[in-house]
Amino acid sequence: MLKLIDISKKYLRNSKDTFYAVNKINYEFKEKGMYFIYGKSGSGKSTLLNLIAGYEKLDEGQILFEDIDISKLKSKEINYYRNQCFSMIFQNYNVIEELSAIDNIVVKESINGISYKTSYEKANDILDKLNINHIKNKKCYELSGGEKQRVAIARSLVNDVKMILADEPTGALDEENSLIVIQMLKEISKEKLVIVISHNYDLIMPYTDYVLHLEDGKLKENHNLIISQNNKKFKISRKTNKEKFFLKYAIKKLKNNKIKNILLFISSSFCLVVLLLISGFINGSSDFILKNTTKRFDYGLSTISKVEEIQIDNSFLKLNRLEKLDESELKNIIKDYHFIDYEINCSKLFENSRLLFNDELINSGTLSYVYNFSSVDSSLIIEGENSFDEGIYINNAFKEKLKQQFNIDNPLGQYITINVKEEFNFKADTTSDEDIKDIFVFDKKYMIKGVVDEFSFLSVPKIYLSYQDLMASLQNNLCINVSNFLNQDYSWYDYIYNLDNNDKNSSYSHFLFLNNYLYLDEFENFINNINNLENIEITCDGFILKNTFNDIIEALKIGLVIFFVLVIIGTILIIGLSSYSNFAFQKRNNAIYLSLGMSNEQLFSIYIYENVFVLIVSLISSFIFASILNPLINWMINRFFNIENIIQIPFLSFLNVPFLLPILIILISLFVMFFTTYIPIYFSRNINIRKELQEE
Ligand code: ADP
Ligand code: MG
């Protein structure tokens, strides 16, 4: 049944010269019987057995098992040979310590695809025969050496192989247990070929049928055999129904590798939560910018000027000087934009205005203008009326100011006085240098009509006046001295209107108003277009604020993405390292599985099932955890920065694709998991079974 034809195995003695551990051995074993190979330590006994098992590669010769040349087997056939044709019993048992006795015994059957139930029944019979049924549910680490060796023998018998190889099976046992083991092997040898290696001549001799003596790699009793040329192969009929078994093993492994799996769970959950929150931020922030940065009454207010370039004498420097545009130029610029109106810039008159609340000075607050009530988005009014009649609107920052300074909770219906008393000069005559001085007196009570819910980032306390109302007031407000001088009514409106283009009181500019807030997008396009014109400058506070905020968010996004990449790299490193260290811990177990004929794919599936389980738990818990964290973080950001709902995790729809984010996350994590799971398997390919399983 087993023929060794002229086999040799060389090893390196030092780093240079080689020697033969097995030297030209020729021998033919019969179908059954107890063979005893003895010899001094180092004579090559173990090497010989490992060659027969295919754990070591032959250098010369041929080993035929049932006329099949085992040195020519492909990996599938080798697995079959190890699983179905022989069993190896080691001095140090090589059972999987974390598994129960019975689970160890059925491994070989499971690798071959036999169902758990069937192999359990078979195993029970063998356990009875070997008298170890009472320990079958104990973990192997709880068993004594003699019991472990009996479990190993039971494992070697469960799938009815034709040949048992035993390398010093009693080497670690006391006399009583040694005798039990040898008697078992003797019993087995009545039906199978049993090859036992030992240096304990006296113990084994009484039970052997054939004795072989090995010395320096050479067999004393050589037969002459002829190398055969046939190409016989195994008929492999491995069953495929094995998934359930590997799932079971994976769950056991899961429990045995608690610390590794908890580490894996924490790091992958952390990574996933960060990923979810960052995508929530990217999603929520653009939404936020769209909704919030235009939330102010004067978003449509801008100033427009002409830029004059002035060359300084004898210098390469140029100065830019701003000037008011002529009306014809202005009309030309805005002629295609029906939603824009130009007006004089009256802000110089009100530059030093005082705001009073019940005759008391309000210590901060600025004036801003809206064209008229119908030009603004009235949905921004959170309290109060929808009309500007003789009234003003304040933003929420101003309301807060009033509350702080005057302890006013509800400012609606209360009055604010705008008070100005300031001297301005009027050039009476282009020929004379003499100016007419006139005092601008403005003192008007306005009722607070409402509060504007304004985007609070960088927002200052503001009062919104209707520009059209204000102009009516200015037209009725006369420059007294000038009127006297000219002998006709001359209003403060006329004063600003008639100022030279480069007079500072003209603010060197005109106001441009958006006269209908529904054209907000077109207004932005307009500003961008004008800004591209060479010598026109347009300034819009709302627009600047929006761009600034946008830039901050963009910078933040880049920072977060970089942070996230680092988190991913860190997590892959952690998972990779833990996988590798797990492999190092499991190296011996993997070697045992491989020695029993498990394929790399089967080994891989055990690891994959284990990690898939951890991944699913991580995915579910990170989705839950992120959903809880999301409102919490939003609440904190809102508290400290007054920014609402900036993180919105797009579970349902991302970039307009339904369920894109969860699908992406599942795919990415599956990829990372497969990649890192593959690491231990990759290293398992190179496991030297003999080195791992043989105790020196
Ligand atoms: P035995 O089992 O009879 O004690 P072995 O078969 O284990 O002897 O070893 C035979 C000889 O081969 C010994 O001299 C041993 O040191 C040597 N040997 C075994 N394995 C290796 C190896 N992987 N590399 C180099 N030398 C080895
Ligand atoms: Mg040995």
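## A first look at this predicted protein chain

In this predicted model, confidence in the protein chain is lowest in helix α8 (residues 243–256), with a mean of 76, and highest in strand β6 (residues 86–89), at 96. The score in question is pLDDT, the predictor's confidence in each residue on a scale from 0 to 100. Over the protein chain the mean pLDDT is 89, and 98% of the residues reach 70 or more.

A word on conventions: residues are numbered from 1 along each chain as its sequence is written, while chains are lettered from A and ligands numbered from 1 in the order in which they are written. As this is a predicted model, local features need pLDDT of at least 70, side-chain atom pairs count only at pLDDT 80 or more, and totals for chains, interfaces and linings use all residues, with side-chain values using heavy atoms and leaving out hydrogens and water.

### The whole chain

The protein chain has 19 helices and 25 strands; these are DSSP runs, numbered from the N terminus, with helices (H or I) of at least four residues and strands (E) of at least two. Its radius of gyration is 46 Å, well over the 26 Å that the globule rule gives for 696 residues, so the protein chain is more spread out than a compact globule. That radius is taken over C-alpha atoms, and the rule is 2.2 Å times the number of residues to the power 0.38. Along the principal axes, the C-alpha atoms fill a box of roughly 145 × 60 × 40 Å.

Of the 696 residues, 51% count as buried. Here buried means under 20% relative accessible area, exposed over 50%, and partly exposed in between (1.4 Å probe, protein chains only).

### Three asparagines

Here are three residues to find in the structure.

| Residue | Place | Relative accessibility |
|---|---|---|
| N131 | loop between α4 (116–130) and α5 (145–157) | 56%, exposed |
| N645 | loop between α17 (600–641) and β24 (653–654) | 46%, partly exposed |
| N396 | helix α11 (residues 396–406) | 23%, partly exposed |

Most residues other than glycine have a negative phi. N131, however, has a positive phi near 65 degrees, and N645 has a positive phi of about 50 degrees.

What does N396 touch, leaving aside its neighbours within four places in sequence? N396 is in contact (heavy atoms within 4.5 Å) with V451, V452, D453 and E454. N396 and K462 are 66 residues apart in sequence, and their C-alpha atoms are 8.4 Å apart in space.
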